[in-house]
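Welcome to the tour. Open your viewer, get the selection tool ready, and follow along stop by stop.

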Amino acid sequence: MAAPPKPVDILQGTLNMMILQILLPGKANGYEIAKLIEQRSDELLQVDHGSLYPALRRLESKQLIKAEYEVSPTNRRARYYSLTPAGRKQVALEHSRWQTLVHAITRVMRPA
Amino acid sequence: MLSRLFHLFRNNRGLDAELADHLAQLKQERLDAGDTPDQAELYARRRLGNPARIHEDVYESTPLQPLETALRHASFALRTFRRNGSAYLFAIAILTLGIGMSVTMFSLVQAVLLKPLPFPDQDAIQVIWKQDQVAGVALVELAYPELGDLQALKAFDSVALMPTTLYGYGRVLDTGHGDPVQLESTPVSHDFFRVLGIKPALGRDFTDADEQVNAAPVVILSDHVWRTYFSADPAILGRQIRLNGAGVTVIGVTAPAIDFPRGVDIWLPLGVNPMKERRGATYLQAIARSRPGYSASAIQAQVASLFQRQARDYPQFYSKSQKAVVTPLPQYWTGSARIHLWISLGASLLLLLAACICASNLFLSRALARRREIATRTSLGAAPRHILAQFAVEGLTAAILAAVSGTLLAAALIRLLVLWAPADIPRLTEATLDPRGLAFALATAALAALVCSFAPAWLITRLDLDALLREGGQRTAGSRTGKRLQRVFVMAQTAATVLLLSLCVLLVVSYRAMLHTDVGFANRDTVTMNLALRGDGFTPQSRDDFYTRLLEKLRTAPGVTHAGAVLLRPFEGNVGWDLRYEFDFEAGRHRNEELPSANYEVVTPGYLATVGTPLLEGRDFRLTDFEKAEPVVIISNNLARQLRKSGHDPLGLRLRFGRRPDDVWWKVIGVAAEARYRRVTETGVDLYVNYLQTGIPTNYVVVRGTRPTHELVALVRQATAEIDPRQAIAGTATLGELIEKDTARHRFNMILLLWFAACAVILAAAGVYSVITESLAVRTREIALKVALGAGRRRLLLEITGSALIFVVVGELAGLVAAYGAGRAAEDLLYTVTAADPLVLASVFAFLFLVSAAAALKPAWTAAQSDPRSALQSD
């Protein structure tokens, strides 16, 4: 049986993009975003939970996401993030940019 | 306090709550999976990471609002201040001193020199006289007919004449109630106020008609005379007042600020004097308003060529060696106060600079001590600009605090100086802390902030972070650069201090010399006062009679030991009665303008004994030296020495004033010690003649006795009233006070500089001390090792202090060069000492070196004495 693949760190600069993608269907709080990233990558991506918040603040200050207070499953007031219209546009942009990048890198990395 | 506020920001942003929620969800996740609460807690904490760190990261990564940035830096600065409290307090105290002193001086300069005079377009007004360097006369006066000559010049819009001196034109005002008073009057030609660009506040200006000989007498009153003697009566216009016993019509009252010439009480028309026709009657200077478009050099050239034409057209009155002196009114107004104040302002700025350097040095020391902290922060991702901003904010915070306290200090100092300043600096009493002063304070604070943040910032750009973190921050990268910078600071500061100290010592030496100068008046308690006889009907004979009777009365009064009278008392002004003279043995050998001139004094017998000018040879005047008897003269010792050198015995020689064949010959009957009549620092030849043998009156009474001054004055007043109740005395002062007043500006300047220099020396010592202390702090282990290995303590001391003291010496040398230059520029203020005086320069050098050495040795000695074991074990 093949050993399960080792988790990898998140590629620099891609966390923002993934947060936006996660928020596309609807709102989520910080913990949920981290968990969703990990689940959707089949636990391959290890999110540094601590580094999530600077990223969220950055996106918020760029007005790509907005935050509202709601009660979390642990019965606390927590900030729930959702995309702004600008954020939605940004997701589309990031999508095509990512596709191009992956395509390009794949070609570069293909075995000679 | 700020950090509390800052905390508020954090809570508002909800990060704490958010992280707590995150933690709870992580924990719940593990609990659901079956972990114990402890395990779950541990996992959650590990997964999320250090909340403080997240806070930091969030701050570092989010673009901040400007307000928040500022608050953040300020809060950090305050925290750092608290941690390094004493050092920052010291820095702020130093800056306070520097800012306070310089703002004070700026406010004085502003009040005296920069604030415009109450005359519109003041720079267009010129004061004009002549000087004759060939004859050595600094002030050759003009005569009334030259008014027309000057008015013909295209450069001038209007021209007026006025006397060169204030004294000599007094008028006795009969107030109608109480004693008569003497007022200082200035006769002026009728365009006087038009040249100044003002009109009387009440009534009318002088006109051409007022200036005709035999015109009805009119007067313009100054505001203070109008208020003091006429209770500000608006109906004063057209009223007759009694001046010198004659009725004079008041035609105007000036605005309050009009005080030109300084100290004037009333203005009279000049041209009513029949002397107006004579070109030889020189006692005037001109003021002129230039037309727009004429430069200073163009005006100078026009006046100069006029005076040359005069010498050609009237060779009997003027000589070609007479040169035009054209001074803008603002400069004329402030006179020698100008250079004194600029020097003090310059000195205070030097002190400010020294204070900035010293404070900057302290900030640099702190930065050096915090190298590791900075390196850590940088490696954790703090952008260099953030750290720079933090230092800038620290510098700015210190500068703002210092500016506030410095301004308060300045406000107090200004009040103090205004109370204590010599009265003869014009408008000094008007000095206040005005908006310009505040703007200046702001500028100084900006300078301080810049200097204080510059040094640490520069250091950071030089930091080699890797090396610093690797080596552990003891004796590491960045420290060498920082040390070098600190030593350059010590050098600059020492140079500034030497400059200040040298100037100060030069002034102190000069002042000491002034105090100890034998001015020729031994009896400083002699009371002097103006008693120029006013009114119609006086002849030379009746004036002499008045004085003869007065002095007789005084001499017989109880408690009076000496009494006399003189034409012009000592130190009454820069201009006296200067007359040219020649001796019989050289008669006719020189042209008139080549003759030497001497201070001419008409005195009564007993005058010299009263003021304490010793008679060295021959005899004093006697009441028997009558008009009909042979004219006699007493000369001063410096002239007697000259005569002896050329082989003549002064006694018995004869001299005459001028060289006209009909001038009478005066026989020298005595030699008096030298006396200084113009200024304490000015020597000259004095010639005394007997009041009975000349038509020129004595105007000042001198009296000495065993009674206090005010009783002597009352005695003179009473004796005067008994002989002629119309007369009034004015300007009472002892000889000591007159001498004091002559040196007051110098003393004022000297004391200010003394203050500045003392502060600068303390700052310099503090600078050296902090550099040594700082260098020792990072070398504790090294020194301990050396001591443990048996290094001699003396050698160690030399090694520790030597390197810093070399910079002190270099700074001192640079300062001495600057001091020499500054001293040369201010040579006019120096007396009996030159800017290159080796003793002064050497003692300043030695003194500052000793102070620096002591400041360096103190911490070095402590370090060398310390037990090496404790230092070695501390790490």
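Which residue in β10(B) stands opposite Gly203(B)? Select Gly203(B) and look across: the residue facing it is Gly252(B). Keep in mind throughout that you are looking at a predicted model.

**Stop 1: the strands around β10(B)**

Stay here and colour residues 246-253 of chain B, which make up strand β10. Next, add residues 202-203, strand β7 of chain B, which pairs with β10(B) in the antiparallel sense over two bridges.

Now select residues 218-221 of chain B to show strand β8. The pairing of β8 with β10(B) is parallel and spans four bridges. For a landmark, pick Val219(B), whose bridge partner in β10(B) is Val250(B).

Then add residues 240-243, strand β9 of chain B, which runs antiparallel to β10(B) and is joined to it by four bridges. Here, Gln240(B) sits opposite Thr249(B). Follow the chain from β9(B) into β10(B) and you trace a hairpin, with two residues between the strands. Click on Asn244(B) in that turn: its phi is positive, at about 50 degrees.

**Stop 2: the domains of chain B**

Zoom out and colour chain B by domain: domain 1 (2-62), domain 2 (136-320), domain 3 (337-515 + 744-873) and domain 4 (532-726). Note that domain 3 is given as two segments. Draw a line between the C-alpha centres of domain 1 and domain 2 of chain B, and the separation is 89 Å.

**Stop 3: where the chains meet**

Display both chains and select the contacts between them: 21 residues of chain B are in contact with 19 residues of chain A. On the chain B side, α2 (15-32), α3 (37-48) and α4 (51-61) each supply at least two residues. The largest share, 10 residues, comes from α2(B). Colour that side of chain B by class and you should find nine nonpolar, seven polar and five charged residues.

**Stop 4: chain A**

Finally, hide chain B. Chain A has four helices and four strands, ordered β-α-α-β-α-β-β-α from the N terminus on. Along the principal axes, its C-alpha atoms fill a box of roughly 55 × 35 × 20 Å. Of the 112 residues in chain A, 26% are buried.

End by selecting residues 19-91 of chain A, which an unreviewed UniProt entry annotates as "domain: Transcription regulator PadR N-terminal". This span is 49% helix and 22% strand, and its end C-alpha atoms lie 9 Å apart.

Technical notes:
Residues are numbered from 1 along each chain as its sequence is written. Chains are lettered from A and ligands numbered from 1 in the order in which they are written. This is a predicted model: local features need pLDDT of at least 70, side-chain atom pairs count only at pLDDT 80 or more; totals for chains, interfaces and linings use all residues. UniProt positions are given in the numbering used here, feature names are shortened, and annotations may be inferred rather than shown by experiment. Two strands pair if DSSP finds at least two bridges between them. Two residues are in contact if their C-beta atoms, placed from the backbone, lie within 7 Å. Ala, Val, Leu, Ile, Met, Phe, Trp, Tyr, Cys and Pro count as nonpolar, Asp, Glu, Lys and Arg as charged, and the others, Gly among them, as polar. Domain bounds come from an automatic or database domain assignment. A residue is buried if 20 or more other C-beta atoms lie within 10 Å of its own, exposed if 12 or fewer, and partly exposed in between; C-beta atoms are placed from the backbone.
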